[in-house]
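Here is a brief report on helix packing, backbone details and ring contacts. Have the model open while you read.

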Amino acid sequence: MVSTSGDVLAGSSVLPVFRSELLPAADIVTPNLKEASALLGGLQLQTDADMKSAAKLIHDMGPRNVLVKGGDLPATMDAVDERIYELSCKHIHTRNTHGTGCSLASCIAAELAKGLPMLSAVKVAKRYVATALSYAKDITIGQGPQDSGMNKKWDRKIEDAVKEAIDGGATIVQLREKDIETHDFLEAAKSCVAVCHTRGVPVLINDRIDIALASHADGVHIGQSDMPASIARALLGPDKIIGVSCKTPEQAHKAWIDGADYIGCGGVYPTNTKAGNLTIGLHGLRSVCLASKLPVVAIGGIGISNAPTVMGIGVPNLKGVAVVSALFDRECIVSETRKLYASLQQSVSRR
């Protein structure tokens, strides 16, 4: 099963169970075009007539009603069976379609629970989703703003943002710049190093060992697809800090063998600041912490609302959290950092 936005939700091995067990028990099933095609053995669905035919064929598998969603077709028409109804609306051009299928199904279920007949429930749900898409069509999602984008949004320099974070209680700074020229990255790094070192706070450079060396930063943080930690250690020497992003106990063990000083584990929660980042959840974080011989910092989607939960998983080598949006995408970095720092201190004191 594949969502309209392209995310694989279930492999083909589940299809026999869907057909034999789930579909006959369902009041309504709501496949999109890709899912309807999968249920029908790869049948191509490209026209309104194809959708109607698909609705009938899936209905023959047992569900009492079928809603084949046609959002991928230019006419944006949906076919509903048992009797065929065509529901259409103006196509809304937006990238913000993630989760709309689940929202539609949930809304149908809610309206059915309120006592509406099936067709009315579907119409209400379709109007609800269309309205939400219309309101949200211009909201920027996806990769999201990185550090520099957030600072540009709030009209502040990176070194000023770093100073505010330190004044609020940040104990280490990592500079992450993916989309600027090397010269500009180096200048930003030098400015941040100056700010951090005058306040006794170490600063790490994300990925770029050359920038770390040239700016006299305190170390680097590298990912699984970057230069191996063992080579980074050979280049940087014994005194620089090296952090490695890890999602599994095996990766954590290798980071220790290769000479890392700590690991960053996550994403614990979904995040917009790193596209396509696999979420491991609290269970995954705890598994890595228990396996790691190194201190661990939790990363990914963490803010003041969930930081206490993260720090409360009960492992002594979880030493802190790394945050981006929770601080740098706020108007007052100092006050947000102070609130997060106080929350973390409370969590640690309860251990």
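The report below covers two helix contacts, then the backbone, then the rings.

This is a predicted model, in which local features need pLDDT of at least 70, side-chain atom pairs count only at pLDDT 80 or more, and totals for chains, interfaces and linings use all residues. Residues are numbered from 1 along each chain as its sequence is written, and side-chain values use heavy atoms, with hydrogens and water left out.

**Helix packing**

Helices (H or I, at least four residues) and strands (E, at least two) are DSSP runs, numbered from the N terminus. Axes are lines fitted to C-alpha atoms, for helices over the stretch in contact, and angles run from 0 to 180 degrees between N-to-C directions. Helix H7 packs against both H8 and H15.

| Pair | Residues | Angle | Axis separation |
|---|---|---|---|
| H7 and H8 | 158-168 and 182-198 | about 25° | 9 Å |
| H7 and H15 | 158-168 and 333-349 | about 35° | 7 Å |

H7 and H8 are therefore roughly parallel (an angle under 35 degrees). Their crossing is right-handed (the near helix is turned clockwise from the far one by less than a right angle). On H7, the contact (heavy atoms within 4.5 Å) uses Ile-158, Glu-159, Val-162, Lys-163 and Ile-166. H8 supplies Ala-188, Ser-191, Cys-192, Val-195 and Cys-196. These residues divide into 7 nonpolar (Ala, Val, Leu, Ile, Met, Phe, Trp, Tyr, Cys and Pro), 2 charged (Asp, Glu, Lys and Arg) and 1 polar (the others, Gly among them).

The crossing of H7 and H15 is right-handed. Here H7 brings Ala-161, Glu-164, Ala-165, Asp-167 and Gly-168. They meet Ile-333, Val-334, Thr-337, Arg-338 and Tyr-341 of H15. The split is 5 nonpolar, 2 polar and 3 charged.

**Backbone**

Which peptide bond is cis? The bond from Gly-266 to Gly-267 is, with omega near 0°. Gly-267 sits in the loop between strand S8 (262-266) and helix H12 (281-291).

Asp-207 is not a glycine, yet its phi is positive, near 75°. Asp-207 lies in the loop between strand S5 (203-206) and helix H9 (209-215). His-216 also has a positive phi, near 60°. The loop of His-216 runs between H9 and strand S6 (219-222).

**Rings**

Lys-293 lies over the face of Trp-256 (NZ of Lys or CZ of Arg within 6 Å of the ring centre and within 35 degrees of the ring normal), at 5.0 Å from the ring centre.

Key
Angles under 35 degrees count as roughly parallel, over 145 as roughly antiparallel, 65 to 115 as roughly perpendicular and the rest as oblique.
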